[in-house]
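These are my notebook entries on one structure. I record what I looked up, entry by entry.

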Amino acid sequence: ISLITIFAIAVPIVYFWMMLRSKKVTKVEHSRVWAYVPLFLASVIFWAIEESGSSVLAVFAANQTQLHFAGLHILPGWFQMLNPLFILLYGPIFARLWVKMGEKQPSSPKKFSYGLVLAGLSYLVMMLPLMVSGISARVSPLWLVLSWAIVEIAEMLISPVGLSVTTKLAPKAFASQMMSMWFLSDAAGQAINAQLVRFYTPGTEMVYFGIIGALTVVFGLLMLFIVPRIEKLMQGVN
């Protein structure tokens with residue numbers, strides 16, 4: 001796992017280095033690649049949280065969630081349906097929203113910033129039932145539903161937007177490789193998650209959610225602060 005983690009992080013670093021040093025990349029494209037770097041880092045952090053639905057949140061669903069609710073017996077695996085369910089619900093809403101807002105919609109870097117803040121909040125809300133009921137009590141399944149509902153809003157702000165902005169910022173000579181970079185951000189996020197999940201143990205749940213959630217929110221706010229600089233480097237791409 002550690003070897004895969006190193007590889008998943010090293011490959012995109014090497015590719016960024018290749019593109020930034022390539023003579024095939026024009027001055028404008030060079031600037032756009034630099035603009036893509038913070039977006040890439042933001043997506044890595046987001047995917048590290050979003051993909052934890054099949055690891056940390058799955059364990060939480062099995063061990064610390066009330067599985068009898070409203071007369072139903074809930075299987076822990078059912079919670080994995082929340083990801084695609086909220087995407088199906090949110091997809092048409094956000095598609096209509098962006099069309100309606102047109103040129104007034106937030107720029108891609110701003111959407112990434114908002115998405116990171118929401119991703120962090122999806123972890124911070126998981127602290128609340130643990131603070132109220134204690135780490136040994138089983139909590140309402142609605143807390144997991146709420147967490148997924150929040151993080152999937154973040155996904156709507158990052159995942160499809162990331163696919164779009166990647167194609168727009170890609171140097172002509174590295175168009176295909178740049179697209180693979182976007183998926184490498186998911187790989188790097190999952191690789192980091194594979195290391196972080198070791199700290200999720202009985203008794204550390206609240207600290208785990210709190211630290212990772214808070215750091216993600218802080219990174220999102222910091223990114224929002226440098227959005228003007230990123231937009232300048234994007235050279236007219238929105």
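In which helix does Ser 147 lie? I find Ser 147 in helix H7, residues 142-169. For the assignment I take helices (H or I, at least four residues) and strands (E, at least two) as DSSP runs, numbered from the N terminus.

**Basis of the entries.** I work on a predicted model, in which local features need pLDDT of at least 70 and side-chain atom pairs count only at pLDDT 80 or more, while totals for chains, interfaces and linings use all residues. I number residues from 1 along each chain as its sequence is written, and side-chain values use heavy atoms, with hydrogens and water left out.

**Entry: Ser 147.** I looked up its exposure and found Ser 147 buried, with a relative accessible area of 2%. I use buried for under 20% relative accessible area, exposed for over 50%, and partly exposed for what lies in between (1.4 Å probe, protein chains only). Setting aside residues up to four places away in sequence, I list Leu 57, Ser 122, Val 125 and Met 126 as touching Ser 147; contact means heavy atoms within 4.5 Å. The side chain of Ser 147 also reaches the backbone oxygen of Ser 122, at 2.7 Å. I count a polar contact as a pair of N or O atoms within 3.5 Å; within protein, one must be able to donate a hydrogen and the other to accept it, and residues adjacent in sequence count only if both atoms are side-chain atoms. I further noted Ala 48, which is 99 residues from Ser 147 along the chain, with 15 Å between the two C-alpha atoms.

**Entry: helix H5.** The partner Ser 122 is among the buried residues of H5, so I turned to that helix next. H5 covers residues 108-124, has 17 residues and reaches 24 Å from its first C-alpha to its last, close to the 24 Å expected at 1.5 Å a residue. The expected span of a helix is 1.5 Å times one less than its number of residues. Twelve of the 17 residues of H5 are buried, so the helix is largely enclosed by the rest of the structure. Among them I noted Lys 111, Phe 112 and Tyr 123.

**Entry: Gln 105.** What does the side chain of Gln 105 join in a polar contact of 2.4 Å? The partner is the side chain of Lys 111. I place Gln 105 in the loop between helix H4 (82-101) and H5. A polar atom of the Gln 105 side chain also lies 3.0 Å from the backbone oxygen of Gly 102. With neighbours within four places in sequence left aside, Gln 105 is in contact with Trp 98 and Lys 111.

**Entry: helix H9 and Ile 212.** I find Ile 212 in helix H9, residues 205-225. The 21 residues of H9 should span 30 Å at 1.5 Å a residue, and the end C-alpha atoms are 30 Å apart, which agrees. At 15% relative accessibility, Ile 212 counts as buried. The buried residues of H9 also include Tyr 208, Phe 209 and Gly 213. They pack against H2, helix H3 (56-63), H5, helix H6 (127-133), helix H8 (175-196) and helix H10 (227-233). Beyond four places in sequence, Ile 212 is in contact with Ile 49, Tyr 123 and Leu 196. Ile 212 and Ala 48 are 164 residues apart in sequence and 9.9 Å apart in space, C-alpha to C-alpha.

**Entry: helix H2 and Leu 41.** H2 covers residues 27-50 and has 24 residues; it reaches 35 Å between its end C-alpha atoms, close to the 34 Å expected. I find it mostly covered, with 17 of its 24 residues buried. Is Leu 41, which lies in H2, buried or partly exposed? At 44% relative accessibility, Leu 41 counts as partly exposed.

**Entry: Val 139.** I place Val 139 in the loop between H6 and H7. At 2% relative accessibility, Val 139 counts as buried. Not counting residues up to four places away in sequence, Val 139 touches Phe 60, Gln 64, Thr 65, Gln 66 and Pro 129.

**Entry: Ala 70.** Ala 70 has a positive phi of about 55° although it is not a glycine. I find Ala 70 in the loop between strand S1 (68-69) and strand S2 (72-73). At 70% relative accessibility, Ala 70 counts as exposed.
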